[in-house]
Amino acid sequence: MKIMVSACLSGENCKYNGGNNRNEKVLHLMTENEVITVCPEQMGGLPTPRVPAEIVDGVVTAKDGRIVDAEFRAGAEKCLEIARREKPDLIVLQSRSPSCGVRQRYDGTFAGKLVNGAGITAQLLMEEGFRVVDVEDI
Ligand code: SF4
């Protein structure tokens with residue numbers, strides 16, 4: 001099986017704070033399947049570490065007020081290009097991220113509150129018909 005995963009789940013230090021979300025289940029999947037890792041925020045041109053961002057009234061905005069919507073959407077488009085080319089059977093993404101969140105994301109107030117809804121990349125990939133799951137659901 002071919003699987004696309006959020007790069008931070010594989011242990012790559014691409015998270016906004018320079019860390020990762022290393023996940024043992026994902027590492028196990030990587031031993032048995034062909035895995036493609038993607039980090040849409042880095043692929044959209046954002047540095048690591050970077051200021052955390054949330055979707056505020058539909059626009060991705062960093063905590064310092066800078067609009068980073070174009071970068072987030074560019075990264076999502078690059079992930080979509082890769083997915084179209086590689087045709088993964090499954091896409092496993094990190095929970096609650098404004099890019100990768102599948103079921104929930106932060107509500108745009110930077111107060112740690114969650115709302116139902118996907119991040120920019122997860123939404124795009126689901127709209128295109130890919131099988132996308134939250135890492136907490138594998
Ligand atoms: S954009 Fe996705 S892959 Fe990159 S650090 Fe955030 S959750 Fe992980």
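## Exercises on loops, sheet and helices

P49 lies in the loop between α2 and β3 (53-56); helices (H or I, at least four residues) and strands (E, at least two) are DSSP runs, numbered from the N terminus. The model is predicted: local features need pLDDT of at least 70, side-chain atom pairs count only at pLDDT 80 or more, and totals for chains, interfaces and linings use all residues. Residues are numbered from 1 along each chain as its sequence is written.

**Exercise 1.** Determine which kind of peptide bond joins T48 and P49.

*Solution.* Step 1: omega between T48 and P49 is about 0 degrees. Step 2: the bond is therefore cis. Most peptide bonds are trans.

**Exercise 2.** State where K87 and R96 lie, and classify K87 and R96 as buried, partly exposed or exposed.

*Solution.* Step 1: K87 belongs to the loop between α3 and β5, while R96 is found in the loop between β5 and β6 (104-106). Step 2: a residue is buried if 20 or more other C-beta atoms, placed from the backbone, lie within 10 Å of its own, exposed if 12 or fewer, and partly exposed in between. Step 3: K87 has 10 C-beta neighbours inside 10 Å and so counts as exposed; R96 has 15 and therefore counts as partly exposed. Step 4: neither is a glycine, yet K87 has a positive phi of about 50 degrees and R96 one of about 65 degrees.

**Exercise 3.** Explain why V68 counts as buried, and list its contacts.

*Solution.* Step 1: V68 is in the loop between β4 (59-62) and α3 (69-86). Step 2: because V68 has 21 C-beta neighbours inside 10 Å, it counts as buried. Step 3: leaving aside residues up to four places away in sequence, V68 touches L46, A53, V60, T61 and A62; two residues are in contact if their C-beta atoms, placed from the backbone, lie within 7 Å. Step 4: V68 and L46 are 22 residues apart along the chain, and their C-alpha atoms are separated by 8.6 Å.

**Exercise 4.** Reconstruct the open sheet of 4 strands, and give its order.

*Solution.* Step 1: strand β1 (residues 2-6) pairs with β2 in the parallel sense over 5 bridges, where strands pair if DSSP finds at least two bridges between them. V5 stands opposite T37 in β2. Step 2: β1 also pairs with β5 in the parallel sense, over 3 bridges, and the bridge partner of I3 in β5 is L90. Step 3: β5 and β8 run parallel and are joined by 3 bridges, with I91 opposite V132 in β8. Step 4: the order is thus β2-β1-β5-β8, with parallel pairing. Step 5: β2 (34-38) and β8 (132-134) are at the edges, each with a single partner strand, so one side of each has no neighbour in the sheet.

**Exercise 5.** Describe how α3 and helix α4 (residues 120-127) meet, and identify the buried residues of α4.

*Solution.* Step 1: the axes come within 9 Å and cross at roughly 40 degrees; axes are lines fitted to C-alpha atoms, for helices over the stretch in contact, and angles run from 0 to 180 degrees between N-to-C directions. Step 2: α3 contributes F72, R73, G75, A76, C79, L80 and A83 to the contact, and α4 contributes I120, T121, L124 and L125. Step 3: the buried residues of α4 are I120, T121, A122, L124 and L125. Step 4: what covers these buried residues includes α2 (40-43), β4, α3, β5 and β8. Step 5: just after α4, G129 takes a positive phi of about 90 degrees.
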